[in-house]
Amino acid sequence: MPVARVLSPGLLTTVQDLGRFGYRHLGIPVSGGIDQWALRLANMLVGNNPGEAVLEMNFNGPSILFLRDCVVAITGADMEPSLSGKRAPMWESFFCSEGEVLSFGYRKEGCRSYLAFYGGIDVPVVLGSRSTLLSAGFGGLEGRQLKKGDFIKTVHESLENAQVGRLLPPEKRPYYLPEISVKVVRGINSDLFSEQEYTKFYSSEFIVTPRSDRMGYCLAAQRPITSAAPATAESFPAAPGSIQILPSGQPIVLLNDSQSTGGYPQIACVISGEIWKIGQASPGDRVVFQETDMSSARQIAIKNTEILECIQKAPALNFYMRTPKYCYEVKLQNYPEKGNNIRHTRRE
């Protein structure tokens with residue numbers, strides 16, 4: 001039985017997981033959630049494996065009618081979600097009853113939100129992933145974005161192991177600002193750029209242009225970057241995070257749906273632990289790049305992983321138990337180490 005029906009689809013809502021790997025030599029992009037940290041966290045808050053399929057929402061989210069009880073979590077950009085007219089929490093798993101409507105507005109900050117359903121979204125696995133690749137028309141729901149009337153199914157229907165009330169502490173939540181600093185390492189074609197060009201690159205402020213999507217973010221600066229070779233002299237391997245310099249001297253940051261090779265010279269590459277910053281930027285936002293080394297990049301990745309591990313180990317503060325006649329809300333008033341004080345509230 002479907003868990004929900006789409007009443008309105010939002011601007012661009014697709015099914016994404018952590019992506020498909022092992023096919024880039026065939027020209028097939030990785031795909032998957034752009035902000036993979038937020039995607040993993042949404043899954044872990046509800047008790048899923050980190051890589052389960054979720055909904056990725058862009059700028060404006062959908063309205064969803066629940067056809068049965070479910071536990072969900074919302075991470076990423078704040079699109080002012082509401083559950084049956086009341087503000088729904090962000091960065092926290094919560095219970096949605098059959099008949100309730102979860103709605104999203106326009107983003108307040110950031111640009112991508114992630115909605116995880118306990119049990120994981122059930123769509124066909126294509127080349128090892130449930131992610132939608134819009135340019136090829138496969139994965140997700142028939143290879144397309146959500147539309148009105150679509151049904152959402154989950155792999156597991158039982159809520160027996162769902163985690164409710166698990167949250168990310170406010171001090172650990174990311175900030176999505178219109179001015180961002182992104183750490184990079186030098187690119188595969190660093191020998192084609194002089195030190196003067198690198199100085200220009202690191203001292204410039206780039207503006208995110210409207211020509212930005214899941215394939216790549218086009219940036220603009222007043223001072224073009226030049227290389228020592230023709231822009232399309234030779235093709236090189238490319239990956240999400242690679243920063244190419246176009247013939248115009250402007251950079252483009254490749255993202256999840258990008259090609260696997262490219263002829264534009266690559267001046268730098270965004271470290272994996274900070275690609276989410278680019279993915280949450282909106283047109284008009286300002287970006288500066290800061291050079292780092294591989295050791296520092298690994299430390300940032302480790303720090304992000306540690307936050308996820310803390311969430312996975314954290315106790316759920318509430319859970320729900322349904323009987324044939326009643327639904328009991330069971331709340332854990334104190335943490336286990338302080339002694340359990342359990343309160344039961346019967347919901348008709």
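Two strands are taken to pair if DSSP finds at least two bridges between them. In the predicted model described here, strands β2 and β3 exceed that requirement, since five bridges join them in the antiparallel sense. Within this pairing, Gln16 lies opposite Val54 of β3.

The β2–β3 pair belongs to an open sheet of five strands, arranged in the order β2-β3-β10-β5-β8 with antiparallel pairing. The edges of the sheet are formed by β2, spanning residues 12–16, and β8, spanning residues 93–96, each of which pairs on one side only. From one strand to the next, the twist averages 30°. Helix α1, made up of residues 36–46, packs on this sheet and touches β2, β3, β5, β8 and β10. The direction of helix α1 makes about 155° with that of β5.

In the order of the sheet, strand β10 stands between β3 and β5. Strand β10 comprises residues 109–117 and is mostly covered, with eight of its nine residues buried. On one side, β10 pairs with β3, which covers residues 54–58, through four bridges in the antiparallel sense. Glu56 is placed opposite Tyr114 of β10. The pairing of β10 with β5, the strand of residues 70–78, is likewise antiparallel and involves six bridges. Here Asp78 has Glu109 of β10 as its bridge partner. In general, the side chains of a regular strand alternate between the two faces of the sheet.

A second helix, α2, occurs later in the chain and consists of residues 195–203. Its buried residues are Glu197, Tyr198, Lys200, Phe201 and Tyr202. The buried residues of α2 pack against five named strands: β12 (179–186), β13 (206–212), β16 (242–245), β19 (266–270) and β20 (286–291).

Confidence in the model was also examined. The pLDDT averages 88 over the chain, and 88% of the residues score at least 70. Two stretches have low values. Over residues 320–328, pLDDT stays under 50, and the model has 22 contacts beyond four places in sequence for this stretch. Residues 332–348 also keep a pLDDT under 50, and for these residues the model has 36 contacts beyond four places in sequence.

Notes. Residues are numbered from 1 along each chain as its sequence is written. This is a predicted model: local features need pLDDT of at least 70, side-chain atom pairs count only at pLDDT 80 or more; totals for chains, interfaces and linings use all residues. Side-chain values use heavy atoms; hydrogens and water are left out. Buried means under 20% relative accessible area, exposed over 50%, partly exposed in between (1.4 Å probe, protein chains only). Helices (H or I, at least four residues) and strands (E, at least two) are DSSP runs, numbered from the N terminus. Axes are lines fitted to C-alpha atoms, for helices over the stretch in contact, and angles run from 0 to 180 degrees between N-to-C directions. Contact means heavy atoms within 4.5 Å. pLDDT is the predictor's confidence in each residue, from 0 to 100.
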